[in-house]
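Me: I would like a close look at one part of this predicted model. Please start from a single helix pair and work outwards to whatever surrounds it.

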Amino acid sequence: MANRFFKKIVGGTNEYERTPVPAASLKGNKSFLGMYAGEHTAGTEFVIGPLFVAHGVAAGDLVLGLLIGNLLAVLSWALITAPIATSKRMTLYYQLERIAGKNVVRWYNLVNALMFCFLAGSMIAVSATAVGIPFNLEMPTLTDWLPRTPGWIVTVLLLGAVVTMVAIQGYNQVSKFANVMSPWMILIFFSAAIVGLSQLGVGSVESLVSVAQEVIWNGVPLPGMSRFSIWHVIFFAWFCNMAMHIGMSDLTILRYAKSWTSGFAVFAGVYLGHFVAWIASGILYAVFLQANTGSQEFAPGPIAYQTLGIAGAVCVVVAGWTTANPTIYRAGLALQGIFPKVATWKITAIVGGITSLAACFPALVMKLLDFVALYGLLLMPMGAVIFADFYFSKKMGFREEGALNSGSDFSLPALLSWVLTLAFCLGLNYFYGIEIFFLGLPGWFVAVAIFVILSKVKYPLAKSLAA
Amino acid sequence: MKTLLKLVSLAGLTLSIVPPVLLFLGKMELDSMKLWMGVGMVAWLFTAPFWINEKTEEGRSKTEV
């Protein structure tokens with residue numbers, strides 16, 4: 001039964017797409033605990049941890065920042081997403097369609113699909129760094145934006161073709177494989193930390209503290225990298241899944257929860273993947289830097305292989321692949337919402353092609369932190385719109401679910417909330433130099449305010465009642 | 001048969017974490033550790049698929065970061 005439940009959520013044959021989930025299909029907290037525990041140990045973890053090291057995060061800032069940032073992320077899921085999910089019990093897309101209209105959702109789908117393509121591309125590139133080890137492939141460096149060698153392009157394109165073909169075949173086998181590998185991958189991250197600390201000469205609690213502060217996260221960024229403070233760590237940990245919590249993508253998942261408290265179940269995944277795994281992969285990178293002084297090479301495959309052998313390299317391939325594959329599949333689904341008459345396999349093939357081309361550019365890996373922040377930021381305003389519609393429509397005197405209740409396929413307040421919020425964030429970045437990691441918080445409040453004000457003008461409650 | 005598969009899988013997981021601990025304690029060399037971790041990986045990879053999906057939830061795989 002549990003299998004069927006999650007197949008419904010992830011598969012193309014999603015049930016209750018346009019109706020609330022009935023009481024008989026609801027699930028308890030345990031179901032969500034298991035699911036979230038597995039899904040946050042992904043290929044991205046092999047990149048994010050090392051990037052924190054490269055950006056010169058200090059040890060204390062990292063640990064405290066991750067504890068606080070992840071806690072804020074858990075609270076966002078539990079207190080913002082879950083209550084709406086368990087009250088409305090609808091998918092994000094249908095909820096958004098009722099508020100913003102089909103025509104706005106099409107644009108949302110397009111942006112979502114593009115972001116999925118780039119995320120999958122970065123994961124194919126991560127896998128390629130491990131696949132290229134036996135061929136002595138020249139690996140990308142921290143400052144690379146363009147492919148270094150034709151060999152890199154060929155490796156990435158071949159890998160992209162394989163991943164795309166598997167995605168065309170369907171989703172469930174890859175999903176099952178990912179589930180099989182999940183416990184092993186989590187252990188590999190623990191092993192990486194233990195082996196890495198051993199190789200850095202840690203033998204006691206005192207030496208652990210000194211090695212952490214002076215060797216691994218010594219507060220000095222690598223050449224060409226900006227320095228990250230505790231605020232960067234807090235905001236990145238909080239907002240790296242911004243699209244899922246305050247962006248409301250996880251309405252689709254949590255609508256199956258019996259109680260809104262299931263939102264707290266995400267803590268297992270977040271603290272395994274975004275605490276243990278980021279710290280472990282950072283330690284691995286520090287070992288690599290110790291052994292290769294002054295090296296600018298940034299390739300998760302060789303980094304893991306050097307410390308853990310073949311198990312480390314395979315873990316990188318599997319983590320990258322099992323992240324890229326469903327992401328391509330989901331990008332295909334998002335695009336199919338825009339082009340419903342085009343066959344699924346054609347859409348998936350096109351998405352795979354775009355993804356493979358994107359993967360050729362190492363910039364996607366080297367700038368993964370920025371990309372992840374951008375991905376969340378672009379989708380977040382629509383989550384704010386759903387939040388404002390749910391909590392403020394009655395209190396502030398405008399009709400809820402404006403598009404549905406006005407019989408329209410287009411809601412100007414929703415579209416303007418999206419566009420103007422992004423313009424506001426771009427302005428903060430361009431004119432005031434505020435980094436992308438910090439734009440989500442002010443942007444969310446701006447999106448809520450714009451939507452409430454414009455909805456009061458466009459969909460006033462009194463007018464509705466009079467009509 | 002399924003019990004045997006589970007036992008081999010468990011051995012695979014054990015070989016993925018115990019050798020690193022032994023290395024940390026100075027009881028094992030790095031090359032041996034890598035070898036045993038490789039053996040553990042193979043043991044898990046070739047036995048877990050036959051039973052694990054019957055027990056665990058079919059998760060929404062990793063589109064999240």
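Reply: In this predicted model, the axes of H6(A) and helix H15 (residues 344-359) of chain A come within 8 Å of each other and cross at roughly 55 degrees. That angle makes H6(A) oblique to H15(A), and the crossing in which H6(A) passes H15(A) is right-handed. On the H6(A) side the meeting residues are A:Ala113, A:Cys117, A:Phe118, A:Ala120, A:Gly121, A:Ile124 and A:Ala125, and on the H15(A) side they are A:Val351, A:Ile354, A:Thr355, A:Ser356, A:Ala358 and A:Ala359. For reading such a list, it helps that an α-helix has 3.6 residues a turn, so residues three or four places apart point the same way.

A residue from another helix, A:Ile328, belongs in this picture as well. A:Ile328 sits in helix H14 (residues 310-338) of chain A, and it counts as buried because 33 C-beta neighbours lie inside 10 Å. Not counting residues up to four places away in sequence, A:Ile328 touches A:Ala120, A:Val163, A:Thr164, A:Ala167, A:Thr348, A:Val351, A:Gly352 and A:Thr355. Among these partners, A:Ala120 is one of the H6(A) residues that meet H15(A), while A:Val351 and A:Thr355 are among those on the H15(A) side. The C-alpha atoms of A:Ile328 and A:Phe116 are separated by 6.7 Å, although their positions lie 212 residues apart along the chain.

The wider setting is the largest nonpolar core, which holds 185 residues, and in which A:Ile124, A:Ala192, A:Ile283, A:Ala304, A:Ala384, A:Val385 and A:Phe451 touch the most other members. The largest share of this core, 17 residues, comes from helix H6 (residues 102-131) of chain A. One of the core residues named above, A:Ile124, is also part of the meeting between H6(A) and H15(A).

Two others of that group, A:Ala192 and A:Ala304, lead to a second helix pair. Helix H8 (residues 172-199) of chain A packs with helix H13 (residues 300-308) of chain A at an angle of about 70 degrees, with their axes 10 Å apart. H8(A) is therefore roughly perpendicular to H13(A), and their crossing is left-handed. The contact is made by A:Ile188, A:Ser191, A:Ala192, A:Val195, A:Gly196 and A:Gln199 of H8(A) together with A:Ala304, A:Thr307 and A:Leu308 of H13(A). A further member of the group, A:Phe451, is in contact with A:Ala384, A:Val385, A:Ala388, A:Pro413, A:Ala414 and A:Ser417, leaving aside its neighbours within four places in sequence.

Returning to H6(A), the elements on either side in sequence deserve attention. Helix H5 (residues 92-100) of chain A is mostly covered, with 9 of its 9 residues buried; these include A:Tyr93, A:Gln95, A:Glu97 and A:Arg98. The buried residues of H5(A) pack against helix H4 (59-88), H6, helix H11 (251-254), H17, H18 and helix H19 (412-432) of chain A. Just after H5(A), A:Gly101 takes a positive phi of about 95 degrees.

Within H5, A:Arg98 is buried because 22 other C-beta atoms lie within 10 Å. Leaving aside its neighbours within four places in sequence, A:Arg98 is in contact with A:Glu401, A:Ala403 and A:Leu404. The C-alpha atoms of A:Arg98 and A:Glu401 are separated by 5.2 Å, with the two residues 303 residues apart along the chain. A:Glu401 itself lies in the loop between helix H17 (368-396) and helix H18 (402-405) of chain A, and it has a positive phi of about 50 degrees although it is not a glycine. With 19 C-beta neighbours inside 10 Å, A:Glu401 counts as partly exposed.

On the other side of H6, A:Asn136 lies in the loop that runs to helix H7 (150-169) of chain A. A:Asn136 likewise is not a glycine and has a positive phi, in this case of about 55 degrees. A:Asn136 is exposed, with 8 other C-beta atoms within 10 Å.

Note on methods: Residues are numbered from 1 along each chain as its sequence is written. Chains are lettered from A and ligands numbered from 1 in the order in which they are written. This is a predicted model: local features need pLDDT of at least 70, side-chain atom pairs count only at pLDDT 80 or more; totals for chains, interfaces and linings use all residues. A nonpolar core is a set of buried Ala, Val, Leu, Ile, Met, Phe, Trp, Tyr and Cys residues joined through C-beta atoms within 7 Å. A residue is buried if 20 or more other C-beta atoms lie within 10 Å of its own, exposed if 12 or fewer, and partly exposed in between; C-beta atoms are placed from the backbone. Helices (H or I, at least four residues) and strands (E, at least two) are DSSP runs, numbered from the N terminus. Two residues are in contact if their C-beta atoms, placed from the backbone, lie within 7 Å. Axes are lines fitted to C-alpha atoms, for helices over the stretch in contact, and angles run from 0 to 180 degrees between N-to-C directions. Angles under 35 degrees count as roughly parallel, over 145 as roughly antiparallel, 65 to 115 as roughly perpendicular and the rest as oblique. A crossing is left-handed if the near helix is turned anticlockwise from the far one by less than a right angle, and right-handed if clockwise.
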